[in-house]
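Got your viewer open? Load the model below, switch to a cartoon view, and let's take a walk through it one selection at a time.

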Amino acid sequence: MAEHSYDYDCLVIGAGPGGYVAAIRAAQLGLKTACVESRETLGGTCLNVGCIPSKALLHGSELFEEAEGGHFATWGITAKPTLDLGKMMAEKTKAVGELTGGIEFLFKKNKVTWLKGHAAFEDAHSVKVGDQTVTAKDIVIATGSSVTPLPGVEVDNAAKRIVDSTGALELEEVPEHLVVIGGGVIGLELGSVWRRLGAKVTVVEFLDQLLPGMDGEVRKEAHKIFKKQGMEMMLGHKVTGAKADKKGVKLTVEKSAGGDEQVIEASHVLVAIGRRPNTDGLALDKAGLQVNNRGQIEIDHDFRTKIDGIWAIGDVVPGPMLAHKAEDEGIAVAENIVGLTGIVNHDVIPSVVYTAPEIAGVGLTEEEAKERGSVKVGKFPMMANSRAKANRDTDGFVKVIADAETDRVVGVWMINSLAGTMIAQAAQAMEFGATSEDIAYTCHAHPTHAEAFKEAAMAVQGKPIHM
């Protein structure tokens with residue numbers, strides 16, 4: 001096919017954080033760009049039924065708990081809150097609408113064409129969208145991921161008893177007893193929303209610790225904090241079946257290794273065992289592509305697939321399923337398509353759990369770092385941080401892991417009420433190759449939570465001031 005006969009220079013499949021960013025960046029770089037999206041709104045899982053609505057409910061439920069759970073009283077504020085769940089949900093929906101509308105505006109501003117419908121490859125340069133076929137010189141697959149199903153536990157969001165993360169954001173009543181299947185990020189965030197609003201919450205996790213993939217000490221501390229907050233934990237257990245009726249759900253649970261079966265009665269169940277790449281219906285074979293044994297599309301360092309002119313980013317490729325990772329890849333892939341150098345440093349991708357307190361990490365866990373060589377570790381408890389103490393909010397710590405020989409920081413992990421924001425400093429320091437000494441001798445404003453990061457860096461050399 002002659003180059004001039006393509007409908008678009010760049011066609012992006014999927015308008016989630018990876019896809020919409022790739023489309024906007026490609027258009028900014030002068031490419032005639034279209035983006036295929038089957039939802040009624042742009043923004044993908046993250047904006048519509050993921051990161052954004054969950055953060056809105058986390059915020060609302062935190063405010064409710066501050067008033068209802070005694071923090072107000074600590075400060076001499078008397079308040080008897082009542083919950084209008086409908087209004088809280090409406091505010092969440094309004095925030096989502098503002099942001100999805102914002103992307104639509106950015107598409108118009110940057111002259112990105114939104115092709116509405118599902119995409120399926122016809123060949124390496126042709127894609128069918130609904131009943132039309134469009135062609136493009138370069139195609140970016142950014143189709144994201146969806147909830148992993150659990151055999152024996154059938155999700156029915158409409159019935160509002162056994163729900164996935166989407167359904168858990170739409171409940172019309174506070175569950176009496178919510179069982180969360182999966183002790184990862186999504187399960188803990190959504191479980192904590194409903195616990196704060198008055199639900200009894202039980203978390204069933206297959207492994208013997210929460211938050212797989214995070215630093216060991218962070219996982220232990222998180223378990224301690226959530227337990228103290230009133231979450232019931234069933235670690236080392238699996239759910240083997242669930243039957244729902246109009247009144248609730250009966251779950252069969254046994255130990256992960258098998259045996260000791262028991263029945264748990266719940267009013268609601270949240271299935272949150274992970275996510276899987278969205279490739280069904282794309283007809284990848286027609287473009288000459290296959291997926292690996294994890295359902296992902298394999299790419300090289302520049303996000304190229306094995307087929308010339310087809311690229312892939314975000315949850316559909318290997319790596320952590322994180323919106324900000326997808327966004328960075330969206331910018332990089334567009335730059336690579338036009339011949340610039342688009343790079344994402346996959347060693348420095350922060351991850352955050354937006355519970356209260358927040359949990360965040362970047363780089364290697366202490367366990368991973370020790371496998372690679374000798375390290376020095378500095379820790380500083382929030383209990384010794386003056387701002388946290390003044391706020392009466394002292395759960396958690398900051399931990400800095402540095403290479404023992406070079407002092408270069410290879411990992412940072414933290415639990416505190418501002419960890420999600422504080423981790424950005426750690427990521428930036430690591431991107432610039434900072435040593436623990438660099439951080440220790442950078443002046444931090446007093447009194448701030450961020451001083452705990454400075455003190456943890458000082459503790460790497462064994463010399464924190466305030467402990």
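Before we set off, keep in mind that this is a predicted model. Our starting point is a residue just after helix H9: select Gly339, which takes a positive phi of about 90°.

**Back into the helix**

Now select residues 323-337, and you have helix H9 itself. How far apart are its end C-alpha atoms? They are 21 Å apart, and that agrees with the span you'd expect, because 15 residues at 1.5 Å a residue should also give 21 Å.

Colour the buried residues of H9 next; among them are Lys325, Ala326, Glu329, Val333 and Ile337. What do the buried residues of H9 pack against? Show strand S1 (8-13), helix H1 (17-28), strand S6 (132-141) and strand S17 (310-312), and you'll see their packing partners.

**A five-stranded sheet**

Time for some strands. There's an open sheet here with five of them, in the order S8-S15-S9-S10-S11 and with parallel pairing. Select S8 (162-163) and S11 (232-235): these two stand at the edges, each with a single partner strand, so one side of each has no neighbour in the sheet.

Now add strand S10, residues 200-205, which runs parallel to S11 and is joined to it by four bridges. To see one partnership up close, pick Val204 and look across to Met234, its bridge partner in S11.

**A hairpin**

For a contrast, select residues 249-255 (strand S13) and 262-266 (strand S14), which run antiparallel and are joined by five bridges. Thr252 stands opposite Val263 in S14. Together S13 and S14 make a hairpin with six residues between them, and in the turn you can pick out Gly258, with a positive phi of about 105°.

**Into the core**

Let's go inside. The largest nonpolar core has 40 residues, and those touching the most other members are Trp194, Val203, Leu210, Leu211, Phe226, Leu270 and Ile359. Try showing Phe226 as sticks. Which residues does Phe226 touch, not counting those up to four places away in sequence? Its contacts are Leu188, Leu210, Met231, Met233, Thr355 and Ile359.

**A buried strand residue**

Hop over to Ala119, in strand S4 (residues 119-123). Is Ala119 buried or exposed? Buried means under 20% relative accessible area, and Ala119 has 8% relative accessibility, so it counts as buried.

Next, find Ile13: it is 106 residues away from Ala119 along the chain, yet their C-alpha atoms are separated by 6.8 Å. Leaving aside neighbours within four places in sequence, Ala119 is also in contact with Val36, Val127, Lys128, Gly281 and Leu282.

**Empty spaces**

Last stop: the gaps. Rolling a probe the size of a water molecule over the atoms shows where empty space is left.

How many cavities of 30 Å³ or more does the structure hold? There is one, with about 50 Å³ of space in it. To find the largest cavity, select its lining, including Val147, Asp164, Ser165, Ile186 and Arg275.

Then turn to the second largest pocket, which holds about 890 Å³ of space. Of its 26 lining residues, Glu65, Glu66, Ala356, Pro357 and Asp393 lie nearest its centre. Helix H3 (51-68) and helix H4 (71-74) are the elements that give two or more residues to this lining. H3 gives the most, with seven residues.

Note on methods
Residues are numbered from 1 along each chain as its sequence is written. This is a predicted model: local features need pLDDT of at least 70, side-chain atom pairs count only at pLDDT 80 or more; totals for chains, interfaces and linings use all residues. Side-chain values use heavy atoms; hydrogens and water are left out. The expected span of a helix is 1.5 Å times one less than its number of residues. Buried means under 20% relative accessible area, exposed over 50%, partly exposed in between (1.4 Å probe, protein chains only). Contact means heavy atoms within 4.5 Å. Two strands pair if DSSP finds at least two bridges between them. A nonpolar core is a set of buried Ala, Val, Leu, Ile, Met, Phe, Trp, Tyr and Cys residues joined through side-chain atoms within 4.5 Å. On a 1 Å grid over the protein atoms alone, a cavity is a set of points where a 1.4 Å probe fits but cannot get out, and a pocket is an open set with protein on both sides within 12 Å along at least five of seven lines; lining residues have an atom within 4 Å of a point. Grid points are joined across faces, edges and corners, and a volume is the space filled by probe spheres set on the points.
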